[in-house]
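This report describes one protein model, part by part. Keep the sequence and the 3D view at hand while reading.

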Amino acid sequence: MDFVQISAFTIVALLLVVSPGPNGLLIAKTVPISGKTAGFANVAGFLTAFYVHGLLSILGISILLTKSAELFLLVKIIGALYLAWIGIKALLSAFNQDAFATESVSPTQSKRTLLKAYMEGFLTNALNPKVSMFYLAAFPQFIPSGESALLYGLILVSIHALMNMIWFGGMVVLFARLSIVSKKYIFQKLLKGATGLVFIGFGAKLLTLQAE
């Protein structure tokens with residue numbers, strides 16, 4: 001694996017990172033409500049899931065997702081239901097907020113909130129078969145065969161994880177800097193409603209995903 005191969009993988013992965021998806025929406029939902037630290041916990045969950053998918057792909061286990069129609073369907077349904085569940089929770093929260101709530105809503109931060117934010121970030125990606133499919137499609141093109149395949153695979157996963165950390169970490173900082181606006185009751189109500197609908201949409205779209 002040379003510089004050209006690494007550069008080509010970086011470009012492909014970068015396009016995947018910056019494309020709109022559930023990760024960005026999760027950050028947009030988390031930071032205004034639970035604060036910047038919870039947003040970084042989301043990102044940590046993303047990165048953990050990437051390494052899980054990457055290792056499974058390198059070891060050849062996740063190839064079952066594309067070879068077994070039943071297993072792929074099961075993972076797809078679980079992932080879609082999880083995204084839809086996040087969306088439904090956001091919608092219910094938006095509609096159930098007290099109409100006479102205070103104008104500003106302060107972020108709530110606790111160890112439980114951080115663990116919940118981490119798990120939301122992890123599960124959003126761990127239950128998404130598209131991540132495994134990306135690695136399974138990319139690795140044969142960029143990893144040379146041989147004993148060093150595991151090392152090269154981990155290097156590529158680390159590049160992908162680093163770009164995600166920079167991109168979504170920047171989003172966390174951006175939303176945190178908009179805290180004055182994001183704490184407004186009407187902003188949070190609209191944000192929860194919008195993210196709820198889009199998450200449900202991503203869940204429905206995931207159901208249409210076909211194994212290559």
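## I27 and its surroundings

Not counting residues up to four places away in sequence, I27 touches P32, G39, N42, V43, F46, F168, M171, V172 and F175. The model is a predicted one. I27 lies in helix α2, and it counts as buried because its relative accessibility is 0%, where buried means under 20%.

One of the residues touched by I27 is V43. Along the sequence I27 and V43 are 16 residues apart, and their C-alpha atoms are 8.1 Å apart in space.

## Overall make-up

The protein has ten helices and zero strands. Read along the sequence, its pattern is α-α-α-α-α-α-α-α-α-α. Of its 212 residues, 42% count as buried.

Contacts can also be sorted by how far apart the two residues sit in the sequence. Among contacts between residues at least 6 apart, 89% join residues at least 24 apart. The protein exposes about 11,200 Å², and carbon and sulfur atoms supply 73% of that area.

## The nonpolar core

In soluble globular proteins, nonpolar side chains tend to be buried together. In this model the largest nonpolar core has 27 residues. The residues with the most contacts inside this core are F9, I27, V43, F46, Y135, L156 and F168. Helices α1 (3-18), α2, α3, α7 (129-142) and α8 (149-177) each supply at least two residues of the core. The largest share, nine residues, comes from α8.

What does F9 contact, leaving aside its neighbours within four places in sequence? F9 is in contact with F134, A138, F142, L156, I159 and H160. H160 is found in helix α8, and at 3% relative accessibility H160 counts as buried. The C-alpha atoms of H160 and F9 are separated by 8.7 Å, although the two are 151 residues apart along the chain. Not counting residues up to four places away in sequence, H160 touches A13, L16, V17, F50, F134 and Y135 as well as F9.

## The salt bridge and T30

How many salt bridges does the structure hold? The structure holds one. The side chains of K29 and E120 meet in a salt bridge, with a distance of 4.0 Å from N to O. This pair links distant parts of the chain, with K29 in helix α2 and E120 in helix α6 (residues 111-126), 91 residues apart.

Are the two partners buried or exposed? K29 has 13% relative accessibility, so K29 counts as buried. E120 has 8%, so E120 counts as buried too.

T30 is found in helix α2 (residues 22-34). At 5% relative accessibility, T30 counts as buried. Leaving aside its neighbours within four places in sequence, T30 is in contact with G35, A38, G39, N42, A117 and E120. E120 is thus a contact of T30 and the salt-bridge partner of K29.

## Helix α3

Helix α3 covers residues 36-59, which is 24 residues. At 1.5 Å a residue, α3 should span 34 Å. The C-alpha atoms at its ends are 35 Å apart, which agrees with the expected span. Just after α3, G60 takes a positive phi of about 85 degrees.

## A nonpolar patch on the surface

Which residues make a nonpolar surface patch of about 250 Å²? The patch is made by L14, V18 and W167. W167 has its place in helix α8. At 39% relative accessibility, W167 counts as partly exposed, because this value falls between the 20% limit for buried and the 50% limit for exposed.

Helix α8 therefore holds W167, a residue of the surface patch, and also supplies nine residues to the largest nonpolar core.

Note on methods
Residues are numbered from 1 along each chain as its sequence is written. This is a predicted model: local features need pLDDT of at least 70, side-chain atom pairs count only at pLDDT 80 or more; totals for chains, interfaces and linings use all residues. Side-chain values use heavy atoms; hydrogens and water are left out. Helices (H or I, at least four residues) and strands (E, at least two) are DSSP runs, numbered from the N terminus. The expected span of a helix is 1.5 Å times one less than its number of residues. Buried means under 20% relative accessible area, exposed over 50%, partly exposed in between (1.4 Å probe, protein chains only). Contact means heavy atoms within 4.5 Å. A nonpolar core is a set of buried Ala, Val, Leu, Ile, Met, Phe, Trp, Tyr and Cys residues joined through side-chain atoms within 4.5 Å. Accessible areas come from the Shrake-Rupley method with a 1.4 Å probe; for residues, only the protein chains shown count as cover. Patches are made of residues with over 30% relative accessible area and no salt bridge: like charges are joined within 9 Å, nonpolar side chains (Val, Leu, Ile, Met, Phe, Trp, Tyr) within 5 Å.
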